[in-house]
Amino acid sequence: MPFLPSLRNFASPTQPALGHLGWLRGALGGMIGIAAAGAIGTLILGGGDPALPWLVAPAGASAVLVFAVPASPLAQPWAVIGGNVVSAMMGLLAGHLLGMPLIAASLAVGLAIGAMSLARCLHPPGGACALLYALGATGPDHWGAAHLLTILVNVLALGGAGWLYNNLTGHSWPHRPVHIPVVIPGTRSAQVHQALTDVLAEWNEVIDADIDDLDAIFQAVERRIRLTEQDAPPAAVI
């Protein structure tokens with residue numbers, strides 16, 4: 001039907017499942033990351049207050065980003081740690097100030113998005129973290145500042161596992177572009193970099209990629225095209 005969007009718009013834009021960042025690598029990484037978060041959480045928190053959880057659900061969402069898309073700006077260490085902890089704080093704040101679960105949860109997620117954006121640690125699982133802590137603060141257990149220790153321990157352990165696993169499997173974390181372009185004023189590289197900056201500003205969208213990665217991809221594509229044109233017979237060059 002013409003008024004319905006193409007099914008391709010709903011398809012996943014990710015790489016093939018069997019590529020370098022395939023399902024098995026991400027799955028094993030996620031298992032290791034959550035095992036580390038749970039084990040350290042149990043070691044530090046398991047023998048204390050039984051109402052204090054040793055593992056919280058947003059850590060699972062963070063694990064997907066850390067191990068499945070480690071190059072994403074949303075999956076970098078400061079995003080994982082800062083995004084979750086800041087969001088948890090917003091959840092507790094909203095919960096204790098308002099006391100009503102629905103209103104507190106709604107405000108907490110909004111505050112978390114704003115705080116993460118200002119702190120440059122935008123992380124999607126932070127929204128779940130804010131929601132969880134707002135509901136915890138308004139629930140029968142009345143979550144408080146002590147519960148921040150849970151998410152802090154979880155994300156620090158997850159981050160440590162992510163750093164070790166990603167780097168051992170050939171994917172730098174924190175992410176570094178494969179080739180960081182050297183931008184020299186007046187050169188074509190500088191023009192490309194400025195053009196990319198202008199286009200992103202014109203689009204007025206948040207793109208889940210660093211500008212250095214985009215710049216590196218663009219330059220690599222240009223090099224590949226030039227090599228192809230050099231190898232092609234003259235008649236094939238249009």
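**A cis peptide bond, positive phi values and nonpolar clusters**

Pro174 lies in the loop between helix 6 (148–168) and helix 7 (188–203). In this predicted model, the peptide bond that joins Trp173 and Pro174 is cis, with omega at about 5°. Most peptide bonds are trans. The loop between helix 6 and helix 7 also contains His175. His175 has a relative accessible area of 23% and therefore counts as partly exposed, a class that lies between 20% and 50%. The C-alpha atom of His175 is separated by 9.3 Å from that of Pro77, although the two residues are 98 residues apart along the chain.

The protein as a whole comprises eight helices and zero strands, and its elements run α-α-α-α-α-α-α-α from the N terminus on. Of its 238 residues, 36% are buried. The exposed area is about 14200 Å², and 70% of that area is supplied by carbon and sulfur atoms. Among contacts with a separation of 6 or more, 69% are accounted for by residues 24 or more positions apart.

The largest nonpolar core contains 19 residues, and those with the most contacts inside it are Phe67, Tyr133 and Ile151. At least two residues of this core come from each of helix 2 (58–68), helix 3, helix 5 and helix 6. Helix 6 gives the most to the core, with five residues. When residues up to four places away in sequence are not counted, Phe67 touches Arg25, Gly26, Gly29, Gly30, Gly33, Leu158, Ala161, Gly162, Tyr165 and Asn166. A second core, separate from the one described above, has 10 residues, including Val86, Met90, Ala112 and Ala134.

Nonpolar side chains also cluster on the surface. A nonpolar patch there is formed by Leu93, Leu97, Leu98, Met100, Leu102, Ile103, Leu107 and Leu111, which together have about 730 Å² of accessible area. Helix 3 (77–98) and helix 4 (101–118) each supply at least two residues of the patch. The most is given by helix 4, with four residues. Leu93, a member of the patch, lies in helix 3. The relative accessibility of Leu93 is 41%, so Leu93 counts as partly exposed; this value is over the 30% required of patch residues.

Helix 3 has 22 residues and reaches 31 Å from its first C-alpha to its last, which is close to the 32 Å expected at 1.5 Å a residue. Gly99 follows helix 3 and has a positive phi, near 80°.

Positive phi values also occur at two residues other than glycine, Arg120 and His142. Most residues other than glycine have a negative phi. Arg120, with phi near 60°, is placed in the loop between helix 4 and helix 5 (125–138). Because the relative accessibility of Arg120 is 75%, Arg120 counts as exposed. His142 has a phi near 50° and is found in the loop between helix 5 and helix 6. His142 likewise counts as exposed, because its relative accessibility is 54%, a value over the 50% cut-off for that class.

Methods. Residues are numbered from 1 along each chain as its sequence is written. Side-chain values use heavy atoms; hydrogens and water are left out. Patches are made of residues with over 30% relative accessible area and no salt bridge: like charges are joined within 9 Å, nonpolar side chains (Val, Leu, Ile, Met, Phe, Trp, Tyr) within 5 Å. Accessible areas come from the Shrake-Rupley method with a 1.4 Å probe; for residues, only the protein chains shown count as cover. A salt bridge is a side-chain nitrogen of Lys or Arg within 4 Å of a carboxyl oxygen of Asp or Glu. Buried means under 20% relative accessible area, exposed over 50%, partly exposed in between (1.4 Å probe, protein chains only). The expected span of a helix is 1.5 Å times one less than its number of residues. A nonpolar core is a set of buried Ala, Val, Leu, Ile, Met, Phe, Trp, Tyr and Cys residues joined through side-chain atoms within 4.5 Å. Contact means heavy atoms within 4.5 Å.
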